[in-house]
Amino acid sequence: MARRVWQRSRNANDQHQCNRLSRHLEISLQELRNSNFEHYVTHLSPTDNTLWKATKQLKFLQAPVPPIRKLNNEWALSDKDKANVFATHLADVFRAEQGHIDGDVEDFITSPCQMPLPIRAFTPAEFKAELTRLNTRKAPGYDLISGQILKRLPRKTVVLFTVVFNRMLTLSYFPILWNYAEIIMILKPGKPPHEPNSYRPITVLPVTSKLFERLLLQRINEEHDPSTLLPSHQFGFRERHSTIHQVHRLVNDIATSLEEKKYCNAVFLDISQTFDRMWHPGLLYKFKHALTSNYYLLLKSYLVDRNFAVRHNNTLSDHHPFEAGVPQGTVLGPLLFLIFTADIPKAGNTTA
């Protein structure tokens with residue numbers, strides 16, 4: 001309330017009052033944290049496994065990140081320098097290959113869209129059902145709105161969120177603030193800790209953005225049969241498909257070839273950085289072929305103007321754009337990858 005008064009009046013006395021209350025609140029929160037920690041420590045007991053859980057957490061302390069080598073072979077020592085080194089490395093990873101875009105692809109992407117039937121609106125019941133499935137242990141995005149907060153929303157706020165989501169469907173617009181991601185770097189096992197490419201990026205997005213993606217994915221699956229969008233041999237990231245089904249299919253093909261006394265060769269393709277290097281114009285080209293125009297325009301708004309910053313400890317790097325790929329950790333990311341790879345060519349006498 002004091003901050004709101006000062007922002008409206010811009011009076012020096014109101015600013016002094018706001019700063020005084022902010023310091024008082026910070027001191028009170030610190031005292032609360034200290035008292036909670038003291039209560040936690042004093043109530044540790046070997047009889048209810050609390051002491052065992054506390055000692056188990058101490059066994060997995062996170063090692064500090066050593067100095068990171070820059071491109072000019074200098075060393076990044078401060079948190080800000082390390083975050084910027086990581087961000088520069090990821091900006092190069094998320095950069096599209098420089099090349100000429102085929103004229104047919106560009107013309108097809110920029111051509112006018114046909115007017116389709118509107119997407120069926122979300123209901124508050126659907127929103128509430130997705131809220132119950134949220135994992136409250138997931139880290140919140142930059143807005144600090146966690147799943148636990150969303151689960152405690154009153155009925156009126158749930159209805160307002162549903163209205164906002166439905167306006168996004170009507171306008172085919174994805175908010176630009178939800179396109180901002182914070183990335184945390186985790187060291188890969190057995191890799192040199194002073195190299196930036198030895199760390200795995202973990203993307204942290206706003207929970208409200210993931211909630212909308214879940215509801216949108218339901219609509220896409222309802223109005224577009226996955227069997228027509230994706231090839232039958234694709235088992236990854238699909239509902240009611242698992243690795244066991246793919247193994248059964250592979251074993252059956254091998255056994256059939258052996259019974260018919262044919263050669264049976266196998267080629268395994270390991271794609272590196274699959275989500276990070278997807279070409280946006282080609283992805284939009286395939287969207288426009290596979291989906292109706294309202295979904296195409298919404299996913300186009302979802303892809304463009306994405307930005308990220310790397311968080312190291314409590315320090316953020318400079319902002320960089322996603323020029324290619326989709327952030328890992330998104331709900332729609334697997335579907336986008338499957339559509340992008342659905343038309344991989346194959347010969348007539350081979351099995352994909």
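How many bridges join β5 to strand β6, and in which sense do the two run? The legends below take this up in a predicted model.

**View 1. Strand β5 and its hairpin with β6.** Two bridges join β5 to strand β6 (residues 315–316), and the two run antiparallel. Arg311 has Leu316 in β6 as its bridge partner. β5 and β6 form a hairpin, with two residues between them. Look for Asn313 in the turn: its phi is positive, about 60 degrees.

**View 2. β5 beside strands β3 and β7.** Strand β5 covers residues 307–312, and strand β3 covers residues 180–187. They pair in the parallel sense over four bridges. Glu182 stands opposite Ala309 of β5. β5 is also joined to strand β7 (residues 320–321), here by two bridges and in antiparallel fashion. Asn307 finds its bridge partner in β7, at Pro321.

**View 3. The largest nonpolar core.** This core has 43 residues. Those with the most contacts inside it are Phe127, Phe165, Phe212, Leu216, Phe287, Leu303 and Leu336. Several helices each supply at least two residues of the core. Among them are α5 (103–110), α6 (124–132), α8 (155–171) and α9 (207–223). Helices α12 (280–290), α13 (293–303) and α14 (333–340) do so too. A second, separate core has 17 residues, including Ala87, Phe94, Ile183 and Leu205.

**View 4. Contacts around Phe212.** Which residues does Phe212 touch, leaving aside its neighbours within four places in sequence? Phe212 is in contact with Phe122, Phe165, Met168, Leu169 and Phe174. Trp178 and Leu298 are also in contact with Phe212. Both Phe212 and Phe165 are listed with the residues that have the most contacts inside the largest nonpolar core.

**View 5. Helix α12, mostly covered.** Eight of the eleven residues of α12 are buried. They are His280, Pro281, Gly282, Leu283, Leu284, Lys286, Phe287 and Lys288. The buried set thus includes two lysines, Lys286 and Lys288. Phe287 also has a place in the largest nonpolar core.

**View 6. Ala12 in helix α2.** Is Ala12 buried or exposed? Ala12 is exposed, because its relative accessible area of 58% is over the 50% cut-off. Ala12 is found in helix α2, which covers residues 12–42. Ala12 and Cys113 are 101 residues apart in sequence. In space, Ala12 and Cys113 are 54 Å apart, C-alpha to C-alpha.

Terms used:
Residues numbered from 1 in each chain as written. Predicted model: local features only at pLDDT ≥ 70, side-chain atom pairs only at ≥ 80, totals over all residues. Heavy atoms only, no water. Buried < 20%, exposed > 50% of the residue type's maximum accessible area, 1.4 Å probe, protein only. Core = buried A, V, L, I, M, F, W, Y, C linked by side-chain atoms within 4.5 Å. Contact = heavy atoms within 4.5 Å. Pairing = 2+ DSSP bridges.
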